[in-house]
Amino acid sequence: LPNTPSLNVGAHGSCSSNCVPSGTWFWEIIANDIYGHNTFPSLSATAAVDGTQSVTVSWVPIPGQVSTMRGRGTSLGTVLFADAFGTGVAGNSYVDGNLSYTVSPPNIANANSASLGSSGVTANQFNYVNGGFTDTISGALTTNRAQTIPDVTGYIPVTSYLNSAYDNAARANGAIGANWTVANNGINIASNNFVGTAGTNDVAYWSASPFSNVQFSQVTLTALNGTTDFPGIAVLLSGSGSSTHGYNCVEDTTNIFIQRINGTSNTTLTSASTTGVAGDILRLEVDPAGNLTCYKNGVSTLTVNDTTYTSGSPGLFLFGTVSTAKNWSGGNLHPLAQLDTEQDWTRTQHFTQGIALGGASSESFNNNPRAEQNVFLPGALTSTWTGATWTTDKPVTITRVQVQTKTAPAGCTTNAVVRLTDGTTPVNVTISAAANDSGVMSQNYSTGASLTVAVQTAAAGCTTSPADANVTVQYRMQ
């Protein structure tokens, strides 16, 4: 309801032709919102007049009230209104000078504002349907609700559960262990390596934790056997025996393959020539679209699309009994950098914001470390000579050159000049005092540049010659 109006009855004779008729009257108001929807009528205010008085009706607007319908009647049940629904006067008062009251009050069907109320919900937006409410109200609302979380496995990194695994094979000889499920033949531990037990598919997958269908498997090959054995890794493994399925990436000493595992046989999906050696690191990844990518030593080597299998676990694949592997890892792929249970960081990592070691008070470093090159020029700087030669193994940027002398110059007609140069682009510092500074600068020199620090111009005509100079060259890697 809107607030009850207050009345200010004019003095006798305060009006002439436009007066409230004589009698006892009841005034009510109806509030309208910005959509032209209205509330129920307010409580009534009553006053008696003699026919020669005007009455000022005023009120305190409620939140969201933008216009007001005006009502008057001879009793509570006979109040009519001077304005059509959704229309009325602006502001917070009007003068009743015998207006024409003809509009009946609202009922439950046409008291239809959801945006007006003593709590001022006009700032919020929601839809009321049925029951007469039709306003759309914008803003933030809160309520208790049940939320179904979508399956985002493989897309959102989750750190609250174990989603990766690592096995370095460093244990006693014997069966591969309880964390694994052997799907075909067998894989054992032998001298801290994984080795197959049959001259055909030896397959096992990690079954100690669940995985999404967006996963990787990685291993280091420690021995190959010419073109007889095919060691490697596999993803989306499940089943056993003739029902085993998944995908592998394997190599021998001359070729590398991605294969679809069909029970006890394999179908080559793609292959390439390679030189397989002990120490190769093979990694197989599968994405949501069924794209399989095999990396060899961090380089994408094979890729193919196949959607025959869409679920399973990462694991090991060893074809033969001579080749071996160790340091296996497998788990879910993450769209963001995230450490899992173990991490070898065998693929390139880019720390573009710098890395801080040692806590909040430590200093961060990045790929542009700063350093200093110091050269001592002994004796008086009264002849030209080269104090040091510096060959750059990497490109550098000189950021400042400073020269501090033990003996400051005085009365020189020609000041000494210390120069850093590659023979083409020099940086000169004039020795006019004990401390001399090039200021902040940025001079680039390329890889293999031969830089010299020398007395380029000798001091002359001095009452005191500059002597014993320490040269500090500040630089950073490009």
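Buried means under 20% relative accessible area, exposed means over 50%, and partly exposed is in between (1.4 Å probe, protein chains only). This is a predicted model, where local features need pLDDT of at least 70, side-chain atom pairs count only at pLDDT 80 or more, and totals for chains, interfaces and linings use all residues. Residues are numbered from 1 along each chain as its sequence is written, and side-chain values use heavy atoms, with hydrogens and water left out.

**Exercise 1. Work out whether S42 is buried or exposed, and list its contacts beyond four places in sequence.**

Step 1: place the residue. S42 sits in the loop between β2 and β3; strands here are DSSP runs of E with at least two residues, numbered from the N terminus.

Step 2: apply the cut-off. S42 has 4% relative accessibility, so it counts as buried.

Step 3: look at what surrounds it. Setting aside neighbours within four places in sequence, S42 touches P2, N3, T4, P5, E28 and I29, where a contact means heavy atoms within 4.5 Å.

Step 4: compare with L43. That residue is also found in the loop between β2 (23-32) and β3 (45-49), but L43 is exposed because its relative accessible area is 55%. Together with L1 and F40, L43 forms a nonpolar patch on the surface with about 310 Å² of accessible area. Patch members need over 30% relative accessible area and no salt bridge, with nonpolar side chains (Val, Leu, Ile, Met, Phe, Trp, Tyr) joined within 5 Å and like charges within 9 Å. The areas come from the Shrake-Rupley method with a 1.4 Å probe, and for residues only the protein chains shown count as cover.

**Exercise 2. Find the disulfides and give the handedness of each.**

Step 1: count them. There are three, a disulfide being a pair of cysteine sulfur atoms within 2.5 Å.

Step 2: start with C15 and C19. Their S to S distance is 1.9 Å, the angle of 130° about the S-S bond makes the link right-handed, and both cysteines are buried.

Step 3: go on to C249 and C294, with sulfur atoms 1.9 Å apart. The torsion about this S-S bond is about -70°, so the disulfide is left-handed. C249 is in strand β16 and C294 in strand β20 (residues 291-296), so the pair ties together parts 45 residues apart in sequence. C249 counts as buried because its relative accessibility is 0%, and C294 is buried at 0% too.

Step 4: finish with C412 and C462, again with sulfur atoms 1.9 Å apart. The link is right-handed, with 110° about the S-S bond. It connects the loop between β28 (396-407) and β29 (416-421), home of C412, to the loop between β33 (450-457) and β34 (467-477), home of C462, across 50 residues.

Step 5: write the pattern. With the bonded cysteines numbered in sequence order, the pairing reads 1-2, 3-4, 5-6.

**Exercise 3. Trace the salt bridges of D167, D306 and D280.**

Step 1: set the rule. A salt bridge needs a side-chain nitrogen of Lys or Arg within 4 Å of a carboxyl oxygen of Asp or Glu; by this rule the count comes to eight.

Step 2: take D167. Its partner is R171, with the closest N and O atoms 2.6 Å apart. D167 is buried at 7% relative accessible area, whereas R171 is partly exposed at 30%.

Step 3: take D306, which meets R260 at 2.6 Å, N to O. D306 lies in the loop between β21 (299-305) and β22 (313-319) and R260 in strand β17 (residues 255-262), so the bridge ties together parts 46 residues apart in sequence. Both D306 and R260 are buried.

Step 4: take D280, which pairs with K296 at 3.4 Å, N to O. D280 is in the loop between β18 (265-273) and β19 (281-286), K296 is in strand β20, and they are 16 residues apart. Salt bridges with shared partners join E251, D280 and K296 into one network.

**Exercise 4. Decide where the coordinates deserve caution.**

Step 1: check the chain as a whole. The mean pLDDT (the predictor's confidence in each residue, from 0 to 100) is 86, and 81% of residues reach 70 or more.

Step 2: find the extremes. Confidence is lowest in strand β25 (residues 364-365), with a mean of 56, and highest in strand β16 (residues 245-251), at 97.

Step 3: flag the weak stretch. Residues 118-132 have pLDDT below 50, yet this stretch has 36 contacts in the model beyond near neighbours in sequence. Where pLDDT is low, the predicted coordinates should not be read in detail.

Notes
Helices (H or I, at least four residues) and strands (E, at least two) are DSSP runs, numbered from the N terminus.
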